[in-house]
Amino acid sequence: MRRVTILGATGSIGQNTVDLIRREPAAYDVVALTGGANIARLAEDARALGADLAVTAYDDRLEDLRAALAGSGIAVAAGTQAVIEAARRPADWIMSAIVGSAGLAPGLAALEQGTTLALANKESLVCAGALLLETAQRHGARILPVDSEHSAVFQALAGEDLAAVERIVITASGGAFRDWPVERLAGATVAEASSHPNWDMGQRITIDSASMFNKAMEVIETREFFGVKPEQIEVLVHPESLVHALVGFNDGALMAHVGAPDMRHAIGYALHWPERRALPVPRLDLAAVGALTFRAPDEVRYPALRLARAVMETGGLAGAVFNAAKERSLDGFIAGRLGFLEMAAVVERVLDRFLTQGHHVTAAMTLDNVSETDHVARMWADEAMAERAG
Ligand code: NAD
Ligand code: MG
């Protein structure tokens, strides 16, 4: 039996992972599930999967979790440190599906036990890619991509020589506002930004899709995962969301990954890797689809893409600054303190401030420095938001 742990089990990726594991109960020994405020969901899944341990990230929810799991024999714990401890419990495969930079420390703890980490938490790669990769290498651990585009690239690269890769093209649906006139974007509401045309995901990543901050993060993620140069990475708007990525080789060939927009494909590929096994995802009828369309992204509509280029050029801790400012401005947008287009303006302001005070950006990439940078960038984002409001 494979021992598996799901960090962020109650979220969108976590639930898709639970779905796959639940279909083959005899194949898996579930070590730990972690979640947040949704105690009922966490407890129900911990019982259904027979987990050894259930952890809520919130200290004040411990008693609720204890009550929900009374009599089950399942151990309970709460708090940030308890989530990290859950990641340290020996397991053969750990899903990293916490949202935001909160996923970094548990991801590192998982890698330190030399496990296979299925990485959905792209924020940790953006904040501290070098640290994650180096930790994996030092402990003989492996990181497998779960983001659909990166899973697609990974699959297109199977059996290929990285030296033969000319470019990597990741596609973007264009999000909720792809067909809106640019003038309307400034007034876009949270509700409007929270509905995705093709994918059913958590609210934060859905809004990040509308602003293309998600794609900007994924460009950086591509660079970290596959070690290619920034200029080898392209973004292509593809409204149908059926081609997830393409890899261009030195003989002119483009290998595309095509599939239904269902995250269980990428999760399942990482779960069964290096094998490919049957998965319960919809099969595509391309004759019914008819046409696949592509267009270049408009950097006026999507300033986040331009900011990602600047982050890659700077390197070091710029990714941590970018992510933290983005998370904070997203909080601001959700809370109604910032307009939709102001998110990018705040992130740019914070990045500029860091670039002019370069020592933060060039400091060594340790967990402490990343956390400190994350903290300062959030403070600066708050200041930038307050300035705009004032
Ligand atoms: P979600 O909001 O649906 O779920 C997030 C999970 O993290 C929940 O279990 C929540 O309880 C937990 N969590 C939140 N804050 C936490 C904290 N401070 N400490 C510990 N746990 C915390 O998010 P999601 O859409 O499932 O996304 C998870 C990750 O996967 C993100 O990094 C996202 O970018 C990435 N991702 C998601 C999708 C998708 O289809 N949803 C696709 C690609 C990548
Ligand atoms: Mg993606």
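A nonpolar core is a set of buried Ala, Val, Leu, Ile, Met, Phe, Trp, Tyr and Cys residues joined through side-chain atoms within 4.5 Å. Keep that in mind as you look at this predicted model, because nonpolar side chains tend to be buried together in soluble globular proteins. Here the largest nonpolar core has 93 residues, and a second, separate core has 36. There is also a magnesium ion (ligand 2) to find, held by Asp147, Glu149 and Glu218.

**The nonpolar cores**

- Start with the residues that touch the most other members of the largest core: Leu132, Phe177, Phe213, Phe322, Phe340, Met343 and Val350.
- Helix H15, which runs over residues 318–334, gives the most to this core, with eight residues.
- Take a look around Phe340: leaving aside its neighbours within four places in sequence, its contacts are Phe177, Leu185, Ala186, Ala188, Ala193, Ala210, Ser211 and Phe333.
- Phe177 turns up twice, as a contact of Phe340 and in the list of residues touching the most other core members.
- For the second, separate core, look for Val4, Ala43, Ala46 and Ile74, which are among its 36 residues.

**Helix H16**

- H16 covers residues 342–356, so to speak a run of 15 residues.
- From first C-alpha to last, H16 reaches 21 Å, close to the 21 Å expected at 1.5 Å a residue.
- Its buried residues are Met343, Ala344, Val346, Val347, Val350, Leu351 and Phe354.
- These buried residues sit on the same side of H16, because they cover an arc of only 160 degrees around the axis.
- Two of the H16 names, Met343 and Val350, are also in the list of residues touching the most other members of the largest core.

**The magnesium site**

- Asp147 (OD), Glu149 (OE) and Glu218 (OE) coordinate the magnesium ion (ligand 2) at 2.1 to 2.2 Å.
- Along the chain, these donors follow the spacing D-x1-E-x68-E.
- That brings distant parts of the chain together: Asp147 is in the loop between strand S7 (142–145) and helix H7 (148–156), while Glu218 is in helix H11 (residues 213–226), 71 residues apart.
- Asp147 and Glu218 are both buried.
- Ser148 lies in helix H7, and it counts as buried because its relative accessible area is 9%, under the 20% cut-off.
- Beyond its neighbours within four places in sequence, Ser148 is in contact with Trp199, His244, Met263 and Ala266.

**Strands S1 and S2**

- Strand S2 (residues 28–35) is largely enclosed by the rest of the structure, because seven of its eight residues are buried.
- Strand S1 (residues 2–7) pairs with S2 in the parallel sense, over five bridges.
- One residue to check is Val4, whose bridge partner in S2 is Val30; Val4 is also included in the second core.

**Backbone details to look for**

- Trp273 and Pro274 are joined by a cis peptide bond, with omega at about 5 degrees.
- You'll find Pro274 in the loop between helix H12 (264–272) and helix H13 (286–289).
- Met212 isn't a glycine, yet it has a positive phi of about 70 degrees.
- Met212 lies in the loop between helix H10 (203–211) and H11, and at 1% relative accessibility it counts as buried.
- Ser241 is another residue other than glycine with a positive phi, near 50 degrees.
- Ser241 lies in the loop between strand S9 (233–237) and strand S10 (243–249), and at 5% relative accessibility it is buried too.

Conventions:
Residues are numbered from 1 along each chain as its sequence is written. Chains are lettered from A and ligands numbered from 1 in the order in which they are written. This is a predicted model: local features need pLDDT of at least 70, side-chain atom pairs count only at pLDDT 80 or more; totals for chains, interfaces and linings use all residues. Side-chain values use heavy atoms; hydrogens and water are left out. Helices (H or I, at least four residues) and strands (E, at least two) are DSSP runs, numbered from the N terminus. The expected span of a helix is 1.5 Å times one less than its number of residues. Buried means under 20% relative accessible area, exposed over 50%, partly exposed in between (1.4 Å probe, protein chains only). The arc is that of the directions from the helix axis to the C-beta atoms. Contact means heavy atoms within 4.5 Å. Donors are N, O and S atoms within 2.8 Å of the metal (3.2 Å for Na, K and Ca); water is not among the atoms, so sites may look incomplete. Two strands pair if DSSP finds at least two bridges between them.
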